[in-house]
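Got your viewer open? Load the model, switch to cartoon view, and keep the selection box handy.

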Amino acid sequence: MSSRIDIIILAAGLSHRFGPEDKLLMDVNGQPLYSISLKAATSLKDEIYQRIVVARNPEIMKDAHEMGFTAVFNPLSEKGQSESIRLGINALASRSNASEGRGAVIFMNADQPFMNASVIRRLITCWKKKD
């Protein structure tokens, strides 16, 4: 089995409970909420093979692309997270060579500011110790 790890960040939610504003654009310590997740995944470039973000907001798509992510637009975000998961997996599959194999995929919501690089690194370490 491959030790390769990919990450898919889910950033296409409609923020119904938050109100009319997109919560991912809200300021958290001087930066948009979504950027915390993107920066965490970017800082783990040696541990993560492919980085995908599934979003509906053009600002998030642009920033993700500039940070080296494959940015996937979700035009049907009202279908829920399952649609973003499907789009993210399809993007991974289309960018991968079947012979490369896949070890694991981390799914991460973009609205969890405490899911930082340290937490992700601990997940990776635990997964690598599974054998």
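Here is a short walk from the sheet to one of its helices and the residue at that helix's start.

Some ground rules before clicking: residues are numbered from 1 along each chain as its sequence is written. The model is predicted, so local features need pLDDT of at least 70 and side-chain atom pairs count only at pLDDT 80 or more, while totals for chains, interfaces and linings use all residues; side-chain values use heavy atoms, leaving out hydrogens and water.

**Stop 1: the sheet.** Select the strands first. Four of them, in the order S5-S4-S1-S6, make an open sheet with parallel pairing. Strands here are DSSP runs of E with at least two residues, helices are runs of H or I with at least four, and both are numbered from the N terminus. Two strands pair if DSSP finds at least two bridges between them. On the edges sit S5 (70-73) and S6 (104-109), each pairing on one side only. From one strand to the next, the twist averages 20°.

**Stop 2: inside the sheet.** Now pick residues 5-11 (S1) and 51-55 (S4): these parallel strands are joined by 5 bridges. One to click on is Ile8, whose bridge partner in S4 is Ile52.

**Stop 3: the helices.** Add residues 33-42, helix H1, which lies across S1, S4 and S6 and runs at about 175° to S1. Then add 58-66, helix H2, which packs on the sheet, touches S1, S4 and S5, and makes about 160° with the direction of S5. Axes are lines fitted to C-alpha atoms, for helices over the stretch in contact, and angles run from 0 to 180 degrees between N-to-C directions. Contact means heavy atoms within 4.5 Å.

**Stop 4: two sides of H2.** Which H2 residues are buried? Show Ile60, Met61 and Ala64 as sticks: these are buried (under 20% relative accessible area with a 1.4 Å probe, protein chains only; exposed is over 50%, partly exposed in between). They share one side of H2 because they cover an arc of only 100° around the axis, taken from the directions from the helix axis to the C-beta atoms. The buried residues of H2 pack against S1, H1, S4 and S5. Flip to the other side of H2 for Pro58 and Glu66, which are exposed.

**Stop 5: the ends of H2.** Select Asn57, in the loop between S4 and H2. Asn57 caps the N-terminal end of H2, with a side-chain oxygen 2.7 Å from the backbone nitrogen of Glu59. Its relative accessibility is 14%, so Asn57 counts as buried. Leaving aside residues up to four places away in sequence, Asn57 touches Asp22 and Leu25. Finish at Gly68, which follows H2 and has a positive phi, near 95°.

Key
A polar contact is a pair of N or O atoms within 3.5 Å; within protein, one must be able to donate a hydrogen and the other to accept it, and residues adjacent in sequence count only if both atoms are side-chain atoms.
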